Amino acid sequence: MNPNPTVVSKQVQSKALVASLIGSSIEWFDFFLYGTMASLVFNKLFFPSTDPTVGLLLSYLSFGLPFFIRPLGGVIFSHIGDKIGRKKTLVLTLSLMGGATVLIGLLPDYGTIGVWAPILLVLMRLIQGLGIGGEWGGALLLAVEYSDKGKRGFFGSIPQMGVTIGMLLGTLAISLMSALPDDQFMSWGWRIPFLLSAALVFIGLWIRNGINETPAFQAAKESGNIASVPIVDTFRYHWKSVLIAVGAKFVETGPFYIFSTFIIAYATKYLEYDRVTALNAVTIATLITTIMIPYMGKLSDKIGRKPLYIGGTIAIILFAFPYFYLLSLKSALWLTVATVIGLGILWAPVTAVLGTMFSEIFSTNVRYTGVTVGYQLGAALAGGTAPLIATALLGAFHSWIPVALYIVLTGVISLIAISATKETKDLNLEES
């Protein structure tokens with residue numbers, strides 16, 4: 001039985017995948033651009049301090065704040081998505097975050113307007129957080145609800161590629177700008193990637209405007225199966241699924257930000273690696289995981305979401321201590337190897353199945369709200385706080401061991417969460 005209520009052509013499915021991927025890529029390009037700049041630029045230009053660690057902590061705090069506004073954005077836009085439709089919501093989220101990103105590239109720094117600089121920067125970050133709060137769930141459902149049952153894992157993995165593609169684009173842009181002399185990079189070079197995102201947003205909006213509403217949502221609307229207040233129905237009938245999603249998100253997001261964002265500041269500030277070397281290591285690892293994600297999604301259609309997720313989680317737990325040991329060798333080669341293993345290989349199976357698994361534990365009329373709330377709450381608790389917690393632990397204990405234990409903790413929480421759910425790959429979406 002086809003999980004979609006109507007027959008969808010391969011051409012339409014492909015177009016939906018492209019629309020899902022490009023929007024997700026743009027959103028995360030914007031988001032990770034800030035994460036990297038928080039380590040290199042904003043701690044100096046927007047949060048100056050006599051103590052460099054304090055400046056870095058304040059910069060990471062501005063990076064982490066949107067993670068707590070993301071659930072609000074998720075509630076707002078998922079409500080629209082479950083009531084009005086996936087497509088219109090995705091146009092709104094992309095416009096919101098894209099506009100905030102361009103404005104960040106135009107902001108004067110602390111030396112020019114004083115305390116208003118960090119205030120405006122944080123405001124733009126909060127707007128970004130609202131946009132991305134509703135983006136992921138919509139992009140995921142655009143792919144999953146257009147898919148055939150036997151290919152749902154593969155289709156659901158495609159939006160997850162947007163995370164790494166966006167990060168890859170952001171890292172490459174910063175690497176190119178980093179080739180400038182330090183004074184030029186700090187003066188104007190860092191602004192260029194933010195401003196160029198305007199072109200990417202325009203392309204993304206153009207593609208999304210050409211996509212119709214998903215068949216699953218169209219069928220739900222025609223049958224009258226639309227929740228009056230999706231957030232209420234989600235917590236009334238699917239509260240266990242929300243808790244599972246929140247817990248399962250921990251190991252996918254906490255270690256990710258350690259491997260991709262915290263590593264840049266840790267390697268350059270504490271281990272005296274060259275900035276370009278650290279950025280290149282992340283770039284290589286990101287390229288590898290981008291290639292692996294769709295293969296992991298396809299594998300989940302054969303062996304199941306749960307086994308693949310559990311295997312990746314256990315691998316991340318086991319690698320936590322070897323990861324930091326390899327970094328401590330202060331070798332560019334071992335830095336790259338450690339980053340490739342952690343971010344490029346072990347993280348791929350976890351993130352590849354996460355979205356599909358979430359979509360399969362919520363019914364159509366609250367699916368946008370369910371996957372979004374679970375995902376964003378998990379991200380708020382373990383995502384944006386990860387670089388901040390890691391930096392604080394490092395400053396307090398002067399050792400990487402507590403940071404490794406933090407990675408282990410995220411994995412244990414996720415294993416407990418995933419134990420409470422059953423395998424979902426054989427379910428029809430309208431029956432889940």
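**Exercise 1. Find the helix that holds V371, then describe the surroundings of this residue in the predicted model.**

Solution.
- Step 1: V371 sits in helix α15.
- Step 2: The relative accessibility of V371 is 0%. Buried means under 20%, so V371 counts as buried.
- Step 3: With neighbours within four places in sequence left aside, V371 is in contact with W136, G137, F358, S359 and F362.
- Step 4: The C-alpha atoms of V371 and S241 lie 8.9 Å apart in space, although 130 residues separate the two in sequence.

**Exercise 2. Check the span of α15 against its residue count, and decide whether the helix is enclosed or open.**

Solution.
- Step 1: Helix α15 has 16 residues, and at 1.5 Å a residue it should span 22 Å. The expected span is 1.5 Å times one less than the number of residues.
- Step 2: The end C-alpha atoms of α15 are 22 Å apart, which agrees with the expected value.
- Step 3: Of the 16 residues of α15, 14 are buried, so the helix is largely enclosed by the rest of the structure.

**Exercise 3. Which residue forms a salt bridge with E145, and where in the chain do the two partners lie?**

Solution.
- Step 1: The partner of E145 is R367, with 3.1 Å between the closest N and O atoms. The cut-off for a salt bridge is 4 Å, so the pair qualifies.
- Step 2: E145 belongs to the loop between α5 (116-144) and α6 (152-178), while R367 is in helix α15 (residues 367-382). The pair links distant parts of the chain, 222 residues apart.
- Step 3: E145 has 0% relative accessibility and therefore counts as buried. R367 also counts as buried because its relative accessibility is 0%.

**Exercise 4. Count the salt bridges, and work out which residues join E360 in a network.**

Solution.
- Step 1: The count is five salt bridges.
- Step 2: One of them joins the side chains of R152 and E360, at 2.8 Å from N to O. R152 is in helix α6 and E360 in the loop between α14 (332-359) and α15, with their positions 208 residues apart. R152 and E360 are both buried.
- Step 3: E360 also meets R305 in a salt bridge, again with an N to O distance of 2.8 Å. R305 lies in helix α13 (residues 305-328) and E360 in the loop between α14 and α15, so this pair ties together parts 55 residues apart in sequence. R305 is buried, as is E360.
- Step 4: Through shared partners, salt bridges join R152, D301, R305 and E360 into one network.

**Exercise 5. Classify the ring pairs F42–F46 and F259–Y323 by geometry, and state how many aromatic pairs the whole structure has.**

Solution.
- Step 1: A search of the whole structure gives 18 aromatic pairs.
- Step 2: For F42 and F46 the ring centres are 5.4 Å apart and the planes stand at 85 degrees, so the pair is edge-to-face. F42 and F46 are both buried.
- Step 3: F259 and Y323 also form an edge-to-face pair, at 4.7 Å centre to centre and 70 degrees between the planes. F259 lies in helix α11 (residues 239-270) and Y323 in helix α13, so the pair ties together parts 64 residues apart in sequence.
- Step 4: F259 counts as buried because its relative accessibility is 1%. Y323 is buried, with a relative accessible area of 0%.
- Step 5: Ring pairs link F259 and Y323 into a cluster with F262, Y266, Y270, F319, F321, F324 and W400.

**Exercise 6. Trace the contact between V251 and T410 from both sides.**

Solution.
- Step 1: V251 is placed in helix α11, and T410 in helix α17 (residues 401-418).
- Step 2: V251 is buried, its relative accessible area being 0%. T410 has 1% relative accessibility and so counts as buried.
- Step 3: Beyond four places in sequence, V251 touches Y309, T313, I316, V350, T410, G411 and S414.
- Step 4: Under the same exclusion, T410 is in contact with F250, V251 and P255.
- Step 5: The C-alpha atoms of V251 and V408 are separated by 8.6 Å, with their positions 157 residues apart along the chain.

**Exercise 7. Which residues form a nonpolar patch on the surface, and what is their accessible area together?**

Solution.
- Step 1: The patch consists of Y110, V115, W116 and I119.
- Step 2: Together these residues have about 420 Å² of accessible area.
- Step 3: V115 is located in the loop between α4 (110-113) and α5.

Methods
Residues numbered from 1 in each chain as written. Predicted model: local features only at pLDDT ≥ 70, side-chain atom pairs only at ≥ 80, totals over all residues. Heavy atoms only, no water. Helix = DSSP H or I, 4+ residues; strand = E, 2+ residues; numbered from the N terminus. Buried < 20%, exposed > 50% of the residue type's maximum accessible area, 1.4 Å probe, protein only. Patch = residues over 30% accessible without salt bridge, like charges linked within 9 Å, V, L, I, M, F, W, Y side chains within 5 Å. Areas by Shrake-Rupley, 256 points an atom, 1.4 Å probe, with all protein chains shown as cover. Contact = heavy atoms within 4.5 Å. Phe/Tyr/Trp six-rings, centres within 6.5 Å; stacked < 30°, edge-to-face > 60°.
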